[in-house]
There are 2 protein chains.
Amino acid sequence: MLYGMTSPADDRSLPLRDRKRLRTRRTLAETALRLFTAHGFDAVTLDRLVDEVEVSKSTFFRAFPAKEAVAVEAETELWRAYLDQLRGRDLSGNVLDALHTRLTGAVEALDPGWDERYRATRRLVLTAPALLAYVDHHRTGVEDEAAAHLADRLGLDADDLRPRVLARITTTCWSVAARAWVRDDGRGGRAALLNALADAHRSVPASLALTAGR
Amino acid sequence: MLYGMTSPADDRSLPLRDRKRLRTRRTLAETALRLFTAHGFDAVTLDRLVDEVEVSKSTFFRAFPAKEAVAVEAETELWRAYLDQLRGRDLSGNVLDALHTRLTGAVEALDPGWDERYRATRRLVLTAPALLAYVDHHRTGVEDEAAAHLADRLGLDADDLRPRVLARITTTCWSVAARAWVRDDGRGGRAALLNALADAHRSVPASLALTAGR
DNA sequence: TACCAAACGAGACCGAGTGTCACTATCGGC
DNA sequence: GCCGATAGTGACACTCGGTCTCGTTTGGTA
(Lines give C-alpha, C1' and ligand atoms only; values in the text may rest on other atoms or scores of the structure.)
Protein backbone atom coordinates (compact mmCIF):
# COMPACT_ATOMS: atom_id res chain seq x y z
CA MET A 1 0.00 0.00 0.00
CA LEU A 2 1.34 3.40 -1.01
CA TYR A 3 0.95 6.36 1.30
CA GLY A 4 2.57 9.09 -0.76
CA MET A 5 3.58 11.59 1.84
CA THR A 6 4.45 10.41 5.28
CA SER A 7 1.78 10.14 7.91
CA PRO A 8 1.58 9.26 11.59
CA ALA A 9 1.34 5.58 10.68
CA ASP A 10 4.76 5.70 9.00
CA ASP A 11 6.48 7.44 11.87
CA ARG A 12 9.55 5.26 12.36
CA SER A 13 9.89 6.44 15.95
CA LEU A 14 6.81 4.45 16.94
CA PRO A 15 7.09 0.79 17.90
CA LEU A 16 6.17 -1.50 15.03
CA ARG A 17 3.13 -2.74 16.90
CA ASP A 18 1.69 0.76 17.18
CA ARG A 19 2.51 1.54 13.57
CA LYS A 20 0.56 -1.50 12.48
CA ARG A 21 -2.38 -0.58 14.65
CA LEU A 22 -2.47 2.94 13.27
CA ARG A 23 -2.17 1.69 9.73
CA THR A 24 -5.10 -0.65 10.19
CA ARG A 25 -7.09 2.17 11.66
CA ARG A 26 -6.33 4.46 8.75
CA THR A 27 -7.03 1.82 6.18
CA LEU A 28 -10.39 1.13 7.79
CA ALA A 29 -11.31 4.82 7.76
CA GLU A 30 -10.24 5.28 4.14
CA THR A 31 -12.00 2.18 2.91
CA ALA A 32 -15.10 3.00 4.90
CA LEU A 33 -15.33 6.49 3.45
CA ARG A 34 -14.91 5.08 -0.05
CA LEU A 35 -17.49 2.32 0.35
CA PHE A 36 -20.02 4.44 2.20
CA THR A 37 -19.74 7.19 -0.37
CA ALA A 38 -20.15 4.75 -3.22
CA HIS A 39 -23.03 2.64 -1.90
CA GLY A 40 -24.47 4.47 1.09
CA PHE A 41 -23.85 4.11 4.82
CA ASP A 42 -26.67 1.66 5.45
CA ALA A 43 -26.04 -0.49 2.41
CA VAL A 44 -22.48 -1.31 3.42
CA THR A 45 -22.44 -3.79 6.29
CA LEU A 46 -19.60 -4.06 8.74
CA ASP A 47 -18.93 -7.58 7.54
CA ARG A 48 -18.36 -6.26 4.07
CA LEU A 49 -16.07 -3.51 5.28
CA VAL A 50 -13.85 -5.73 7.40
CA ASP A 51 -13.81 -8.28 4.61
CA GLU A 52 -12.54 -5.64 2.19
CA VAL A 53 -9.80 -4.56 4.59
CA GLU A 54 -9.08 -8.18 5.53
CA VAL A 55 -9.35 -7.82 9.26
CA SER A 56 -11.78 -9.38 11.68
CA LYS A 57 -14.78 -7.70 13.25
CA SER A 58 -12.97 -7.89 16.58
CA THR A 59 -10.18 -5.78 15.18
CA PHE A 60 -12.64 -3.23 13.89
CA PHE A 61 -14.22 -2.77 17.31
CA ARG A 62 -10.80 -2.45 18.92
CA ALA A 63 -10.14 0.49 16.59
CA PHE A 64 -13.58 2.14 16.60
CA PRO A 65 -16.43 2.13 19.12
CA ALA A 66 -19.18 1.96 16.49
CA LYS A 67 -19.87 1.76 12.79
CA GLU A 68 -20.71 5.44 12.80
CA ALA A 69 -17.32 6.38 14.26
CA VAL A 70 -15.30 5.12 11.33
CA ALA A 71 -17.35 7.23 8.95
CA VAL A 72 -16.74 10.49 10.79
CA GLU A 73 -13.07 10.21 11.64
CA ALA A 74 -12.36 13.61 10.08
CA GLU A 75 -14.96 15.23 12.31
CA THR A 76 -13.49 13.56 15.37
CA GLU A 77 -9.98 14.70 14.48
CA LEU A 78 -11.11 18.29 14.26
CA TRP A 79 -12.68 18.41 17.68
CA ARG A 80 -9.87 16.48 19.28
CA ALA A 81 -7.46 19.08 17.92
CA TYR A 82 -9.74 21.84 19.21
CA LEU A 83 -9.78 20.42 22.72
CA ASP A 84 -6.01 19.94 22.55
CA GLN A 85 -5.54 23.59 21.65
CA LEU A 86 -7.85 24.56 24.46
CA ARG A 87 -5.96 22.57 27.04
CA GLY A 88 -2.55 23.53 25.76
CA ARG A 89 -2.71 27.28 25.72
CA ASP A 90 -3.41 29.91 28.34
CA LEU A 91 -6.45 32.12 28.30
CA SER A 92 -6.49 35.87 28.26
CA GLY A 93 -8.87 38.54 27.11
CA ASN A 94 -12.32 37.90 25.75
CA VAL A 95 -13.21 34.24 26.12
CA LEU A 96 -15.34 33.89 23.00
CA ASP A 97 -12.48 35.33 20.97
CA ALA A 98 -10.16 32.85 22.62
CA LEU A 99 -12.39 29.92 21.63
CA HIS A 100 -12.42 31.20 18.09
CA THR A 101 -8.64 31.42 18.09
CA ARG A 102 -8.29 27.88 19.45
CA LEU A 103 -10.59 26.49 16.79
CA THR A 104 -8.64 28.28 14.11
CA GLY A 105 -5.43 26.87 15.54
CA ALA A 106 -6.95 23.40 15.51
CA VAL A 107 -7.81 23.61 11.84
CA GLU A 108 -4.31 24.77 10.99
CA ALA A 109 -2.83 21.85 12.88
CA LEU A 110 -4.70 19.21 10.87
CA ASP A 111 -2.90 17.11 8.28
CA PRO A 112 -3.08 18.19 4.63
CA GLY A 113 -5.50 15.48 3.57
CA TRP A 114 -8.08 16.48 6.11
CA ASP A 115 -9.96 18.96 3.88
CA GLU A 116 -10.97 16.34 1.40
CA ARG A 117 -11.90 13.76 4.01
CA TYR A 118 -13.93 16.25 6.01
CA ARG A 119 -16.00 17.26 3.00
CA ALA A 120 -16.64 13.63 2.10
CA THR A 121 -17.70 13.01 5.69
CA ARG A 122 -20.09 15.92 5.76
CA ARG A 123 -21.71 14.90 2.51
CA LEU A 124 -22.15 11.44 3.93
CA VAL A 125 -23.71 12.75 7.12
CA LEU A 126 -26.43 14.44 5.11
CA THR A 127 -27.52 11.08 3.71
CA ALA A 128 -27.55 8.95 6.87
CA PRO A 129 -29.66 9.87 9.91
CA ALA A 130 -27.62 7.59 12.13
CA LEU A 131 -24.50 9.58 11.29
CA LEU A 132 -26.23 12.85 11.99
CA ALA A 133 -27.28 11.61 15.40
CA TYR A 134 -23.76 10.43 16.07
CA VAL A 135 -22.07 13.73 15.26
CA ASP A 136 -24.72 15.72 17.12
CA HIS A 137 -24.03 13.72 20.23
CA HIS A 138 -20.30 13.86 19.78
CA ARG A 139 -20.39 17.62 19.33
CA THR A 140 -22.44 18.00 22.49
CA GLY A 141 -19.75 16.10 24.33
CA VAL A 142 -17.12 18.44 22.97
CA GLU A 143 -19.12 21.46 24.08
CA ASP A 144 -19.49 20.01 27.55
CA GLU A 145 -15.80 19.32 27.80
CA ALA A 146 -14.85 22.75 26.53
CA ALA A 147 -17.28 24.40 28.94
CA ALA A 148 -16.00 22.34 31.87
CA HIS A 149 -12.44 23.25 30.97
CA LEU A 150 -13.28 26.95 30.81
CA ALA A 151 -15.16 26.85 34.10
CA ASP A 152 -12.19 25.18 35.71
CA ARG A 153 -9.64 27.53 34.20
CA LEU A 154 -11.66 30.59 35.14
CA GLY A 155 -12.54 29.38 38.60
CA LEU A 156 -16.27 29.40 37.89
CA ASP A 157 -18.99 27.24 39.35
CA ALA A 158 -19.32 23.90 37.54
CA ASP A 159 -22.75 24.79 36.20
CA ASP A 160 -22.17 28.43 35.43
CA LEU A 161 -24.15 29.23 32.32
CA ARG A 162 -21.61 31.45 30.65
CA PRO A 163 -18.91 29.02 29.51
CA ARG A 164 -21.63 26.70 28.22
CA VAL A 165 -23.16 29.43 26.13
CA LEU A 166 -19.80 30.39 24.71
CA ALA A 167 -18.84 26.81 23.91
CA ARG A 168 -22.11 26.27 22.07
CA ILE A 169 -21.82 29.54 20.19
CA THR A 170 -18.43 28.51 18.86
CA THR A 171 -19.64 25.17 17.53
CA THR A 172 -22.67 26.90 16.05
CA CYS A 173 -20.37 29.27 14.21
CA TRP A 174 -18.44 26.28 12.95
CA SER A 175 -21.60 24.58 11.68
CA VAL A 176 -22.65 27.57 9.69
CA ALA A 177 -19.21 28.29 8.28
CA ALA A 178 -18.45 24.67 7.44
CA ARG A 179 -21.80 24.07 5.81
CA ALA A 180 -21.26 26.93 3.41
CA TRP A 181 -17.70 25.81 2.71
CA VAL A 182 -18.72 22.24 1.96
CA ARG A 183 -21.55 23.46 -0.22
CA ASP A 184 -18.95 25.35 -2.25
CA ASP A 185 -16.87 22.17 -2.54
CA GLY A 186 -14.14 23.67 -0.44
CA ARG A 187 -13.51 26.54 -2.80
CA GLY A 188 -10.78 28.78 -1.43
CA GLY A 189 -9.29 26.04 0.75
CA ARG A 190 -8.76 26.41 4.45
CA ALA A 191 -8.28 30.14 4.20
CA ALA A 192 -11.85 30.49 2.95
CA LEU A 193 -13.12 28.22 5.70
CA LEU A 194 -11.37 30.21 8.38
CA ASN A 195 -12.63 33.44 6.86
CA ALA A 196 -16.19 32.18 7.04
CA LEU A 197 -15.60 31.15 10.63
CA ALA A 198 -14.30 34.60 11.50
CA ASP A 199 -17.28 36.21 9.79
CA ALA A 200 -19.59 34.06 11.83
CA HIS A 201 -17.93 35.00 15.08
CA ARG A 202 -18.08 38.68 14.16
CA SER A 203 -21.82 38.50 13.71
CA VAL A 204 -22.50 36.92 17.10
CA PRO A 205 -22.96 40.04 19.23
CA ALA A 206 -25.72 41.19 16.90
CA SER A 207 -27.66 38.01 17.67
CA LEU A 208 -28.68 38.91 21.18
CA ALA A 209 -30.06 42.19 19.98
CA LEU A 210 -32.14 40.62 17.24
CA THR A 211 -35.72 41.89 17.38
CA ALA A 212 -38.86 41.07 15.48
CA GLY A 213 -40.19 43.91 13.42
CA ARG A 214 -43.44 44.94 15.06
CA MET B 1 -54.97 23.20 28.43
CA LEU B 2 -56.28 21.58 31.58
CA TYR B 3 -56.94 17.87 31.64
CA GLY B 4 -57.77 17.59 35.30
CA MET B 5 -57.74 13.91 36.14
CA THR B 6 -58.76 12.82 32.70
CA SER B 7 -56.08 12.40 30.11
CA PRO B 8 -55.95 12.52 26.32
CA ALA B 9 -56.42 8.76 26.15
CA ASP B 10 -59.76 9.04 27.95
CA ASP B 11 -61.08 11.84 25.79
CA ARG B 12 -64.50 10.58 24.72
CA SER B 13 -64.52 12.88 21.72
CA LEU B 14 -61.85 10.79 20.02
CA PRO B 15 -62.79 7.75 17.93
CA LEU B 16 -62.45 4.55 19.88
CA ARG B 17 -59.62 3.43 17.64
CA ASP B 18 -57.53 6.47 18.49
CA ARG B 19 -58.33 6.23 22.18
CA LYS B 20 -57.04 2.67 22.23
CA ARG B 21 -53.89 3.63 20.41
CA LEU B 22 -53.20 6.47 22.81
CA ARG B 23 -53.87 4.27 25.81
CA THR B 24 -51.44 1.65 24.58
CA ARG B 25 -48.88 4.36 24.01
CA ARG B 26 -49.33 5.71 27.50
CA THR B 27 -49.20 2.32 29.13
CA LEU B 28 -45.99 1.56 27.28
CA ALA B 29 -44.39 4.81 28.41
CA GLU B 30 -45.45 4.34 32.02
CA THR B 31 -44.37 0.73 32.21
CA ALA B 32 -41.10 1.50 30.48
CA LEU B 33 -40.25 4.27 32.92
CA ARG B 34 -41.04 1.97 35.82
CA LEU B 35 -39.04 -0.98 34.53
CA PHE B 36 -36.08 1.08 33.33
CA THR B 37 -35.90 2.91 36.64
CA ALA B 38 -36.07 -0.31 38.61
CA HIS B 39 -33.61 -2.43 36.61
CA GLY B 40 -31.74 -0.10 34.27
CA PHE B 41 -32.30 0.81 30.64
CA ASP B 42 -29.99 -1.82 29.20
CA ALA B 43 -31.12 -4.63 31.45
CA VAL B 44 -34.74 -4.40 30.34
CA THR B 45 -35.15 -5.83 26.85
CA LEU B 46 -37.92 -4.79 24.53
CA ASP B 47 -39.28 -8.31 24.63
CA ARG B 48 -39.70 -8.04 28.37
CA LEU B 49 -41.37 -4.64 28.11
CA VAL B 50 -43.90 -5.65 25.47
CA ASP B 51 -44.54 -8.86 27.35
CA GLU B 52 -45.35 -6.89 30.48
CA VAL B 53 -47.76 -4.62 28.61
CA GLU B 54 -49.11 -7.57 26.64
CA VAL B 55 -48.64 -6.14 23.19
CA SER B 56 -46.46 -7.34 20.34
CA LYS B 57 -43.15 -5.87 19.31
CA SER B 58 -44.83 -4.68 16.13
CA THR B 59 -47.22 -2.60 18.16
CA PHE B 60 -44.37 -1.09 20.09
CA PHE B 61 -42.60 0.08 16.96
CA ARG B 62 -45.81 1.53 15.61
CA ALA B 63 -46.03 3.69 18.74
CA PHE B 64 -42.35 4.58 19.13
CA PRO B 65 -39.50 4.78 16.65
CA ALA B 66 -36.92 3.29 19.02
CA LYS B 67 -36.40 1.84 22.46
CA GLU B 68 -34.87 5.12 23.56
CA ALA B 69 -37.95 7.09 22.56
CA VAL B 70 -40.28 5.41 25.01
CA ALA B 71 -37.94 6.24 27.86
CA VAL B 72 -37.85 9.96 27.12
CA GLU B 73 -41.48 10.70 26.33
CA ALA B 74 -41.56 13.51 28.88
CA GLU B 75 -38.64 15.19 27.20
CA THR B 76 -40.30 14.87 23.82
CA GLU B 77 -43.56 16.34 25.12
CA LEU B 78 -41.78 19.41 26.41
CA TRP B 79 -40.09 20.25 23.13
CA ARG B 80 -43.15 19.49 21.10
CA ALA B 81 -45.08 21.96 23.27
CA TYR B 82 -42.28 24.48 22.82
CA LEU B 83 -42.39 24.24 19.04
CA ASP B 84 -46.19 24.45 19.17
CA GLN B 85 -45.99 27.66 21.16
CA LEU B 86 -43.45 28.99 18.73
CA ARG B 87 -45.58 28.28 15.72
CA GLY B 88 -48.78 29.44 17.33
CA ARG B 89 -47.92 32.91 18.49
CA ASP B 90 -46.65 36.03 16.82
CA LEU B 91 -43.24 37.49 17.44
CA SER B 92 -42.51 40.97 18.63
CA GLY B 93 -39.71 42.65 20.47
CA ASN B 94 -36.47 40.97 21.46
CA VAL B 95 -36.29 37.50 19.96
CA LEU B 96 -34.37 35.81 22.76
CA ASP B 97 -36.95 37.06 25.23
CA ALA B 98 -39.64 35.71 22.97
CA LEU B 99 -38.07 32.26 22.93
CA HIS B 100 -37.89 32.36 26.70
CA THR B 101 -41.58 33.27 26.87
CA ARG B 102 -42.54 30.45 24.49
CA LEU B 103 -40.62 27.90 26.54
CA THR B 104 -42.30 29.14 29.69
CA GLY B 105 -45.66 28.87 28.00
CA ALA B 106 -44.84 25.34 26.90
CA VAL B 107 -44.06 24.24 30.45
CA GLU B 108 -47.30 25.74 31.70
CA ALA B 109 -49.26 23.86 29.05
CA LEU B 110 -47.98 20.42 30.08
CA ASP B 111 -50.25 18.06 31.96
CA PRO B 112 -49.96 17.90 35.76
CA GLY B 113 -48.16 14.58 35.89
CA TRP B 114 -45.34 15.79 33.68
CA ASP B 115 -43.11 17.05 36.50
CA GLU B 116 -42.68 13.66 38.05
CA ARG B 117 -42.19 11.89 34.73
CA TYR B 118 -39.66 14.41 33.54
CA ARG B 119 -37.54 14.05 36.64
CA ALA B 120 -37.63 10.26 36.37
CA THR B 121 -36.60 10.58 32.74
CA ARG B 122 -33.69 12.85 33.48
CA ARG B 123 -32.40 10.59 36.22
CA LEU B 124 -32.59 7.71 33.79
CA VAL B 125 -30.71 9.61 31.12
CA LEU B 126 -27.78 10.04 33.47
CA THR B 127 -27.39 6.28 33.73
CA ALA B 128 -27.68 5.25 30.09
CA PRO B 129 -25.32 6.63 27.40
CA ALA B 130 -27.71 5.59 24.66
CA LEU B 131 -30.42 7.78 26.15
CA LEU B 132 -28.06 10.71 26.46
CA ALA B 133 -27.16 10.40 22.80
CA TYR B 134 -30.82 10.19 21.89
CA VAL B 135 -31.86 13.35 23.72
CA ASP B 136 -28.82 15.26 22.49
CA HIS B 137 -29.78 14.49 18.94
CA HIS B 138 -33.43 15.21 19.53
CA ARG B 139 -32.63 18.55 21.10
CA THR B 140 -30.45 19.49 18.16
CA GLY B 141 -33.39 18.79 15.91
CA VAL B 142 -35.58 21.07 18.00
CA GLU B 143 -33.00 23.83 17.81
CA ASP B 144 -32.80 23.46 14.06
CA GLU B 145 -36.55 23.60 13.71
CA ALA B 146 -36.86 26.61 15.99
CA ALA B 147 -34.10 28.42 14.14
CA ALA B 148 -35.64 27.64 10.77
CA HIS B 149 -38.98 28.89 11.99
CA LEU B 150 -37.46 32.13 13.27
CA ALA B 151 -35.54 32.68 10.06
CA ASP B 152 -38.71 32.19 8.09
CA ARG B 153 -40.82 34.42 10.32
CA LEU B 154 -38.20 37.17 10.32
CA GLY B 155 -37.48 36.94 6.64
CA LEU B 156 -33.84 36.02 7.18
CA ASP B 157 -31.55 33.94 5.06
CA ALA B 158 -31.92 30.19 5.74
CA ASP B 159 -28.43 29.96 7.19
CA ASP B 160 -28.33 33.23 9.05
CA LEU B 161 -26.33 32.64 12.20
CA ARG B 162 -28.46 34.68 14.55
CA PRO B 163 -31.60 32.59 14.97
CA ARG B 164 -29.43 29.50 15.41
CA VAL B 165 -27.45 31.11 18.17
CA LEU B 166 -30.62 32.22 19.94
CA ALA B 167 -32.26 28.82 19.62
CA ARG B 168 -29.22 27.13 21.11
CA ILE B 169 -28.94 29.64 23.92
CA THR B 170 -32.50 28.93 24.97
CA THR B 171 -31.99 25.18 25.17
CA THR B 172 -28.74 25.75 27.02
CA CYS B 173 -30.59 27.85 29.57
CA TRP B 174 -33.10 25.03 29.91
CA SER B 175 -30.36 22.47 30.49
CA VAL B 176 -28.81 24.43 33.28
CA ALA B 177 -32.10 25.32 34.95
CA ALA B 178 -33.57 21.84 34.65
CA ARG B 179 -30.45 20.14 35.91
CA ALA B 180 -30.51 22.18 39.10
CA TRP B 181 -34.25 21.60 39.52
CA VAL B 182 -33.94 17.83 39.09
CA ARG B 183 -30.99 17.76 41.46
CA ASP B 184 -33.26 19.39 44.07
CA ASP B 185 -35.91 16.74 43.42
CA GLY B 186 -38.24 19.31 41.95
CA ARG B 187 -38.39 21.38 45.10
CA GLY B 188 -40.59 24.41 44.56
CA GLY B 189 -42.50 22.82 41.68
CA ARG B 190 -42.83 24.41 38.30
CA ALA B 191 -42.60 27.90 39.69
CA ALA B 192 -39.09 27.15 40.90
CA LEU B 193 -38.18 25.63 37.56
CA LEU B 194 -39.43 28.66 35.66
CA ASN B 195 -37.62 30.96 38.06
CA ALA B 196 -34.37 29.16 37.40
CA LEU B 197 -35.04 29.40 33.69
CA ALA B 198 -35.62 33.15 33.95
CA ASP B 199 -32.44 33.55 36.00
CA ALA B 200 -30.51 31.72 33.33
CA HIS B 201 -31.87 33.92 30.57
CA ARG B 202 -31.05 37.03 32.55
CA SER B 203 -27.42 36.03 32.82
CA VAL B 204 -26.96 35.43 29.10
CA PRO B 205 -25.84 38.91 28.01
CA ALA B 206 -22.99 38.75 30.49
CA SER B 207 -21.66 35.66 28.72
CA LEU B 208 -20.37 37.39 25.64
CA ALA B 209 -18.43 39.80 27.76
CA LEU B 210 -16.76 37.10 29.80
CA THR B 211 -13.01 37.64 29.93
CA ALA B 212 -10.15 35.69 31.40
CA GLY B 213 -8.40 37.50 34.19
CA ARG B 214 -5.15 38.74 32.74
C1' DT C 1 16.17 -18.33 22.36
C1' DA C 2 12.71 -18.02 25.46
C1' DC C 3 9.20 -15.68 27.47
C1' DC C 4 5.39 -12.31 28.20
C1' DA C 5 1.97 -9.28 26.90
C1' DA C 6 -0.66 -7.38 23.48
C1' DA C 7 -3.18 -7.70 19.42
C1' DC C 8 -5.69 -10.77 16.46
C1' DG C 9 -9.23 -14.18 14.27
C1' DA C 10 -13.05 -17.21 14.58
C1' DG C 11 -17.34 -17.81 15.92
C1' DA C 12 -21.11 -18.16 19.27
C1' DC C 13 -24.35 -15.17 21.11
C1' DC C 14 -27.63 -11.18 22.23
C1' DG C 15 -30.99 -7.86 21.24
C1' DA C 16 -32.84 -3.95 18.42
C1' DG C 17 -35.18 -3.06 14.46
C1' DT C 18 -37.61 -4.47 9.76
C1' DG C 19 -40.78 -6.84 6.71
C1' DT C 20 -44.47 -10.05 5.70
C1' DC C 21 -48.86 -11.85 6.16
C1' DA C 22 -52.96 -13.55 8.02
C1' DC C 23 -56.32 -12.02 11.43
C1' DT C 24 -59.33 -8.91 14.00
C1' DA C 25 -61.70 -4.87 15.30
C1' DT C 26 -63.51 -0.29 14.15
C1' DC C 27 -65.79 2.84 11.12
C1' DG C 28 -68.86 4.75 7.55
C1' DG C 29 -72.55 3.92 4.35
C1' DC C 30 -76.67 1.60 3.58
C1' DG D 1 -78.35 -3.81 12.45
C1' DC D 2 -75.46 -5.48 8.32
C1' DC D 3 -71.19 -5.13 5.35
C1' DG D 4 -67.36 -3.89 2.94
C1' DA D 5 -63.21 -0.93 3.35
C1' DT D 6 -59.51 0.06 6.31
C1' DA D 7 -56.45 0.44 10.09
C1' DG D 8 -54.29 -1.82 13.80
C1' DT D 9 -52.50 -6.27 15.68
C1' DG D 10 -49.70 -10.60 16.58
C1' DA D 11 -46.59 -14.09 15.20
C1' DC D 12 -42.49 -14.97 13.19
C1' DA D 13 -38.51 -15.05 10.34
C1' DC D 14 -34.65 -12.33 9.27
C1' DT D 15 -30.71 -8.79 9.19
C1' DC D 16 -27.15 -6.64 11.31
C1' DG D 17 -24.54 -4.10 14.91
C1' DG D 18 -22.19 -5.03 18.92
C1' DT D 19 -20.24 -8.12 22.91
C1' DC D 20 -17.72 -12.00 24.73
C1' DT D 21 -14.72 -15.98 24.91
C1' DC D 22 -10.90 -18.32 23.82
C1' DG D 23 -7.21 -20.25 21.29
C1' DT D 24 -3.41 -18.40 18.18
C1' DT D 25 -0.09 -15.22 16.39
C1' DT D 26 3.18 -11.51 16.72
C1' DG D 27 6.11 -7.92 18.48
C1' DG D 28 8.88 -6.43 22.51
C1' DT D 29 12.41 -7.84 25.87
C1' DA D 30 15.89 -10.30 28.57
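## Chains A and B, and DNA strand D

Chain B and chain A bury about 3,600 Å² between them, 64% of it on carbon and sulfur atoms. Buried area here is the accessible area (1.4 Å probe) that two parts lose on being put together, summed over both. Leu161(B), Leu208(B) and Leu210(B) supply 20% of the area that chain B buries against chain A, more than any other three residues.

This is a predicted model: local features need pLDDT of at least 70, side-chain atom pairs count only at pLDDT 80 or more, and totals for chains, interfaces and linings use all residues. Residues are numbered from 1 along each chain as its sequence is written, chains are lettered from A and ligands numbered from 1 in the order in which they are written, and side-chain values use heavy atoms, with hydrogens and water left out.

**The protein interface.** The contact (heavy atoms within 4.5 Å) takes 41 residues from chain A and 40 from chain B. There are 4 salt bridges between the two chains. A salt bridge is a side-chain nitrogen of Lys or Arg within 4 Å of a carboxyl oxygen of Asp or Glu. One of them links Glu143(B) to Arg168(A), with the closest N and O atoms 3.1 Å apart. Helix 9 of chain B gives the most to the side of chain B that touches chain A, with 13 residues. Helices (H or I, at least four residues) and strands (E, at least two) are DSSP runs, numbered from the N terminus.

Strands also cross between the chains. Strand 1 (residues 93-94) of chain A runs antiparallel to strand 2 of chain B, and 2 bridges join them. Pairing requires at least two bridges found by DSSP. Gly93(A) stands opposite Ala212(B).

**The DNA.** Which residues are closest to DNA strand D? Leu16(A), Lys20(A), Lys67(A), Thr59(B) and Arg62(B) are, among the 19 that surround the strand. A residue is near a strand if one of its heavy atoms lies within 4 Å of it. Of the strand D atoms within 4 Å of the protein, 62% belong to sugar or phosphate and the rest to bases.

Three side chains have a polar atom close to strand D:

| Residue | Atom of DNA strand D | Distance |
|---|---|---|
| Arg17(A) | base nitrogen | 3.4 Å |
| Arg21(B) | phosphate oxygen | 3.2 Å |
| Ser58(B) | base nitrogen | 3.1 Å |

By class, the surface near strand D has 9 charged, 6 nonpolar and 4 polar residues. Asp, Glu, Lys and Arg count as charged; Ala, Val, Leu, Ile, Met, Phe, Trp, Tyr, Cys and Pro as nonpolar; the others, Gly among them, as polar.

Conventions:
Polar contact = N/O pair within 3.5 Å; in protein donor to acceptor, adjacent residues only side chain to side chain.
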